[in-house]
Amino acid sequence: MSTAPAVPENLRDDGDHADGEPPGAVRSGRLRPAAVARRLALPFGSLLLFLVVWQAVAAGGAWSETLVPPPAKVWDAFVNVSTTHDGVRGYNGTYLVEHLGISLRRIAFGAGIGIASGVVLGLVMGTIGWVRSLFEPWVTFLRTLPPLAYFSLLIVWLGINEEPKITLLAVAAFPPVVVATTTAVVAVPRQLLEAARALGASGRDVIRDVVLPSALPEIFTGVRLAVGVAYSSLVAAELVNGLPGIGGMVKDAANYNNTPVVLVGIAAIGVSGLVIDGLLLWIERTVVPWRGHA
């Protein structure tokens with residue numbers, strides 16, 4: 001008497017798929033409408049819960065509205081800084097979207113410089129041992145410094161205009177990319193390098209065709225970390241002469257205990273950070289489709 005071979009549980013067809021749809025449709029990346037709805041419901045549900053708790057805390061009276069304004073006041077502040085009201089254009093003569101756009105431009109320039117130089121130095125450090133020994137302690141030293149520790153020095157050196165802000169963001173974004181790139185290059189399998197050389201590849205060919213494709217996934221991880229660090233340094237970068245700019249808006253509003261505008265600025269930074277991180281994830285999946293696959 002023969003028995004049918006056992007089918008692995010993750011490959012079983014339990015009949016729970018649409019008519020005419022192959023059993024592996026869900027595993028191939030297509031999600032059922034119920035799964036899509038569940039994925040959307042969870043974040044929106046958590047946001048709703050957060051707003052309910054926030055409103056309850058604000059209405060409880062344990063703290064004054066100056067410290068914990070209710071959601072309605074924060075919404076009014078959002079509308080005010082996004083439009084012209086009582087003859088006042090946005091906040092300090094600039095709309096919220098303009099504040100955010102100026103800060104994003106600073107991050108693009110600053111983090112872009114830090115990321116580009118970090119990838120180059122990381123490739124050199126990963127391929128040349130004595131260069132890694134020379135620069136690794138300095139990169140670690142720089143990585144452990146909080147931005148405020150050297151921002152005052154940058155102001156003394158570069159003034160109070162855009163130069164210290166761009167430099168601060170570049171210095172903040174630089175170490176994560178160097179560390180990620182160096183680690184990724186060092187971790188490239190030696191067998192691949194030897195095989196490429198045995199086939200007659202030059203040093204430049206090895207870096208272009210073997211090292212970079214192998215290291216790209218970790219490099220993108222470093223880029224995402226670098227953008228996050230640059231974003232966390234944004235308010236510090238705009239402490240001096242930061243208006244217009246979203247970080248400067250937050251600092252200026254905090255000076256006048258304008259908590260609703262502070263919360264609007266923080267929310268704008270957080271939401272835009274989520275959008276940028278999602279965009280970087282999409283670029284990573286497009287450029288490095290082999291990540292996560294053997």
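This report describes the fold, salt bridges, surface patch and backbone features of a predicted protein model.

**Overall composition**

The protein contains 11 helices and 2 strands. Read from the N terminus, the elements follow the order α-α-β-β-α-α-α-α-α-α-α-α-α. Of the 294 residues in the protein, 33% are buried. The accessible surface comes to about 17800 Å², and carbon and sulfur atoms account for 66% of that surface. Among the contacts with a separation of 6 or more, 65% are between residues 24 or more positions apart.

**Packing of α3 and α4**

Helix α3 covers residues 96-127 and helix α4 covers residues 129-143; the two pack at an angle of about 130 degrees, with their axes 6 Å apart. Angles of 65 to 115 degrees count as roughly perpendicular and those over 145 as roughly antiparallel, so this pair is classed as oblique. On the α3 side, the contact is made by Leu121, Val124, Met125, Gly126 and Thr127. On the α4 side, the residues in contact are Gly129, Val131, Arg132, Phe135, Glu136 and Val139.

**Salt bridges**

Side chains of opposite charge can pair when their charged atoms come close. A search of the whole structure finds 5 salt bridges. Three of them are listed here, including the N to O distance of each pair.

| Salt bridge | N to O distance |
|---|---|
| Glu65 and Lys73 | 2.6 Å |
| Arg106 and Glu162 | 2.9 Å |
| Asp277 and Arg224 | 3.0 Å |

For Glu65 and Lys73, the distance given is that of the closest N and O atoms. Glu65 has a relative accessible area of 40%, so this residue counts as partly exposed. Lys73 also has a relative accessible area of 40% and is likewise partly exposed.

The side chains of Arg106 and Glu162 meet in a salt bridge. This pair links distant parts of the chain, since Arg106 is in helix α3 and Glu162 is in helix α6 (residues 162-186), 56 residues apart. Arg106 is buried, because its relative accessible area is 5% and the cut-off for buried is under 20%. Glu162, at 32%, is partly exposed. Arg106 and Glu162 also belong to a network of salt bridges that includes Glu238.

The side chains of Asp277 and Arg224 form another salt bridge. Here too the pair links distant parts of the chain: Asp277 lies in helix α11 (residues 259-287) and Arg224 in helix α8 (residues 203-232), with their positions 53 residues apart. Asp277 has a relative accessible area of 25% and is therefore partly exposed. Arg224 is partly exposed as well, at 29% relative accessibility.

**A nonpolar surface patch**

Val36, Leu40, Phe44, Leu47, Phe50 and Leu51 form a nonpolar patch on the surface. Together these residues have about 570 Å² of accessible area. Val36 is found in helix α1, which covers residues 33-60. At 36% relative accessibility, Val36 is partly exposed. That value satisfies the patch criterion because the criterion asks for over 30% relative accessible area.

**Backbone features in loops**

Most residues other than glycine have a negative phi, and most peptide bonds are trans. The following residues depart from that pattern.

Asp86 has a positive phi, near 50 degrees, and is not a glycine. Asp86 lies in the loop between β1 (84-85) and β2. With 81% relative accessibility, Asp86 counts as exposed.

Asn241 is another residue other than glycine with a positive phi, in this case about 55 degrees. Asn241 is found in the loop between α9 and α10. The relative accessibility of Asn241 is 40%, so Asn241 is partly exposed.

The loop between α9 (234-237) and α10 (246-255) also holds Pro244. The peptide bond from Leu243 to Pro244 is cis, with omega near 0 degrees.

Pro244 is one of the residues touched by Thr94. Thr94 sits in the loop between β2 (88-89) and α3. Leaving aside residues up to four places away in sequence, Thr94 touches Val81, Arg89, His99 and Pro244. Thr94 is buried, because its relative accessibility is 12%.

How values were computed: Residues are numbered from 1 along each chain as its sequence is written. This is a predicted model: local features need pLDDT of at least 70, side-chain atom pairs count only at pLDDT 80 or more; totals for chains, interfaces and linings use all residues. Side-chain values use heavy atoms; hydrogens and water are left out. Patches are made of residues with over 30% relative accessible area and no salt bridge: like charges are joined within 9 Å, nonpolar side chains (Val, Leu, Ile, Met, Phe, Trp, Tyr) within 5 Å. Accessible areas come from the Shrake-Rupley method with a 1.4 Å probe; for residues, only the protein chains shown count as cover. A salt bridge is a side-chain nitrogen of Lys or Arg within 4 Å of a carboxyl oxygen of Asp or Glu. Helices (H or I, at least four residues) and strands (E, at least two) are DSSP runs, numbered from the N terminus. Buried means under 20% relative accessible area, exposed over 50%, partly exposed in between (1.4 Å probe, protein chains only). Axes are lines fitted to C-alpha atoms, for helices over the stretch in contact, and angles run from 0 to 180 degrees between N-to-C directions. Angles under 35 degrees count as roughly parallel, over 145 as roughly antiparallel, 65 to 115 as roughly perpendicular and the rest as oblique. Contact means heavy atoms within 4.5 Å.
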